[in-house]
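Biologist: I should like a close look at a single part of this model, namely one set of charged side chains and its setting. Please describe that part and then place it within the whole.

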Amino acid sequence: MESIIFFILAFFLLSGAIMIVFSKESLYSAIGFLMVMIAMAGMFALLHHSFLFLAQILVGVGAVVVLSIMIILSINLKEENQPKQNITRKNILFTTLIIAPIAGLLLYAIAKAPFAFAPIAQHFGTIETMGKVLFTHWVLPFEIVSILLLGAMVGAIVLSRRRLHVES
Amino acid sequence: MIWDLYLVMPLALVFIGALFLMLFSLVKQVELTNYNLVTVAFLSVSLIIELIIFQNVEHDYLFETIFAKMFIVDKLSTLFNILFLSGAILTLLINNNYFKSRDYYNGEFFALLLFSIFGMMMLAHTNELITAFISIELASITLYVLVGYNHHSPKSSEAMLKYIILGSLAGVFFILGVALVYGVVGSTYLGDIYSYLIHHQNSDISLLVVGMMFMMVTLLFKIGAAPFHSWVVDVYIGSPFPVTMFMATTLKIAIFSILLRLFLVDFAPIYPLILEIIKVVAIATLLLGSLLAIAQTQLKGMLAASSIVHVGYMLMALYAIGVGSSFAASAIIFYLISYFLSALGAFGILSFLASDEEKRHLSFDDFKGFAHERPYMAAAMTIFMLSLAGFPSTIGFLGKFYIFMSVVETGEILLAGLGILIAFISIYYYFKLIALMYFYPSPNPKKRFPFAISTLLIVGVALMIVWGGIGTGLIPFVAGADGLLTIASEALKTIGK
């Protein structure tokens, strides 16, 4: 049962990813992105990680994808306004030839790797355990992430304000 | 506990300074110079505390009950923090004139710069890979914005976009590598990878090696090593002078702080597997960087491309560490200091001239007869070029000398020979500028030496370079160039295994 759900989710994930790359309309790419995000959330749910599932739906789908769709709609992206991409068969073949050995190496390494994980505990992945782990063991990176977000926010405000400045 | 609070003071001061400037930038009446001075004041206090810490610290985990062993304070991290802080202070003061001459700078610029320095300092202190990733991102995300700060120039915006897209793509490799390493080791602490490799010598470690190489991809990208160097010239030319200076000097040192920590401890058991890669990367960096540097017509582009070559020399020493050189690691730190001083001065003169006269002094031809127009500036520029080329009697010569010595020590004569050949090639593009400055008549009349913070500091840096090169034997009581090497090796000893 689990493996059937996994393959369905994997199918959606991969087809969404292919859709992002190959569709000519940006809106279709954004919808492919949405598919990837939802399938990813499903993967987390399959792993009994309810916190990551919720976060993925709330942040990944609710904020990131919706924002990108809103931006595409509001600036009226059309195909003729976009830079030309030449996705020819030759380019795809060439890129595949470059990527294939790396992907093969990863597959080989993961198949042979001795993974060092304990069997999952009873309350794995619930909001309560995640909160406890984040605020005890991982409190330093957690706090630095907040500084990172603050810096990124200041940067985003500076960038967007200067655009208004140019127009006026 | 009190001692821990004292150790964390420099970082806290930089962060408080960033917050203060962020709020302070709302006040419109404040002049730009005052923002600059406030930033420098915060950084200077932090620097003084770091200097005191450097005397007294050995190896310490900060707030061990709260942060576990994530936050490390040792001589190496303190030494790197001193370099970041002095780099930032010099960058800000030398560019004082430039800030005033452009209308797009405001208080947020300094706040973002402080955020970036905070990320770099955290990177030097971290003992854990996820914290390292977040610190790299903190240092880079703020830099992306700084690169595109000049909103009048489409080139600046283009450089920012290029840097954002390539930089975040490269950053992703680090977190992928960390995930793979965690899968095998079950921990993301730096020392744990080493102990895993020592205790599991018979088991299959291919995934671990793949993960570590992915981490190297990001680090090599950020320092601009060969297969990942294509962004360097465009981004350096596109960004404003203070940011170029900051990226060329301080960011490079920051990445080397984590690279050295990883390479010296955790990569040690798998040296036989990765040394070939490092060697190829080093040779490719030297050759491709030299080719790029020869082809540049703009002076900023030449300095940017030559910074790739300097990374190649340091990668040579990184290879020497793996083969078993005893002082290659301190040679890298010494080279970082020498390159930092020389590049800071060279970019400083360019930024001073750009602030003085609009749209001039950017290509080689603009420097024809410069020595007759501004003799003191030309002399300082000559010293910087000599130091970058590695001419004897400058600190740059000693940097190259130590690097080549460490490579020769390991018996890699061919690699050292290639390095010396590349140094000879670099004479072409550095000495071209000197020749243009001195052997052509000047179209403009002679100008007086302008006394300002920027110019005095540039002359000071030039004197420091000469002092680092020849002053060592003259003054017995002050730590000279050899003293710097001793300090570096002392700091490297405090890395715990």
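**A salt-bridge network and its setting**

Modeller: In this predicted model, a salt bridge joins the side chains of Lys162(B) and Glu158(B), with an N to O distance of 3.4 Å. Both residues belong to helix H8 of chain B, where they stand 4 residues apart, about one turn of the helix. Lys162(B) has a relative accessible area of 27% and is therefore partly exposed. Glu158(B) falls in the partly exposed class as well, because its relative accessibility is 46%.

Lys162(B) has a further partner: Asp234(B) forms a salt bridge with Lys162(B), and the closest N and O atoms are 2.7 Å apart. Asp234(B) is located in helix H11 (residues 230-238) of chain B and Lys162(B) in helix H8 of chain B, so this pair ties together parts that lie 72 residues apart in sequence. With a relative accessible area of 38%, Asp234(B) is also partly exposed. Glu158(B), Lys162(B) and Asp234(B) are thus joined into one network by salt bridges that share partners.

Over all chains, the count comes to 7 salt bridges. Another of them pairs Asp74(B) with Arg261(B), whose closest N and O atoms are 3.1 Å apart. This pair links distant parts of the chain, 187 residues apart: Asp74(B) is in strand E2 (residues 72-74) of chain B and Arg261(B) in helix H12 (residues 241-266) of chain B. Asp74(B) and Arg261(B) are both buried.

The boundary between the chains has its own charged pair. The count between chain B and chain A is 1 salt bridge, in which the side chains of Asp204(B) and Lys112(A) meet at 3.4 Å, N to O. Several helices of chain B each supply at least two residues of the side that touches chain A, among them helix H8 (154-185). The largest share of that side, 8 residues, comes from H7(B). By class, the side of chain B that touches chain A has 27 nonpolar, 11 polar and 4 charged residues. Chain B and chain A bury about 3,200 Å² between them, and 80% of this area is on carbon and sulfur atoms.

The nonpolar interior completes the setting. The largest nonpolar core has 220 residues, and those touching the most other members are Phe80(B), Ile117(B), Leu208(B), Ile321(B) and Met385(B). Helix H15 (residues 328-356) of chain B provides the largest share of this core, 21 residues. Apart from its neighbours within four places in sequence, Ile117(B) is in contact with Val14(B), Leu43(B), Leu85(B), Ala88(B) and Phe246(B).

Technical notes
Residues are numbered from 1 along each chain as its sequence is written. Chains are lettered from A and ligands numbered from 1 in the order in which they are written. This is a predicted model: local features need pLDDT of at least 70, side-chain atom pairs count only at pLDDT 80 or more; totals for chains, interfaces and linings use all residues. Side-chain values use heavy atoms; hydrogens and water are left out. Buried area is the accessible area (1.4 Å probe) that two parts lose on being put together, summed over both. A salt bridge is a side-chain nitrogen of Lys or Arg within 4 Å of a carboxyl oxygen of Asp or Glu. Ala, Val, Leu, Ile, Met, Phe, Trp, Tyr, Cys and Pro count as nonpolar, Asp, Glu, Lys and Arg as charged, and the others, Gly among them, as polar. A nonpolar core is a set of buried Ala, Val, Leu, Ile, Met, Phe, Trp, Tyr and Cys residues joined through side-chain atoms within 4.5 Å. Buried means under 20% relative accessible area, exposed over 50%, partly exposed in between (1.4 Å probe, protein chains only). Contact means heavy atoms within 4.5 Å.
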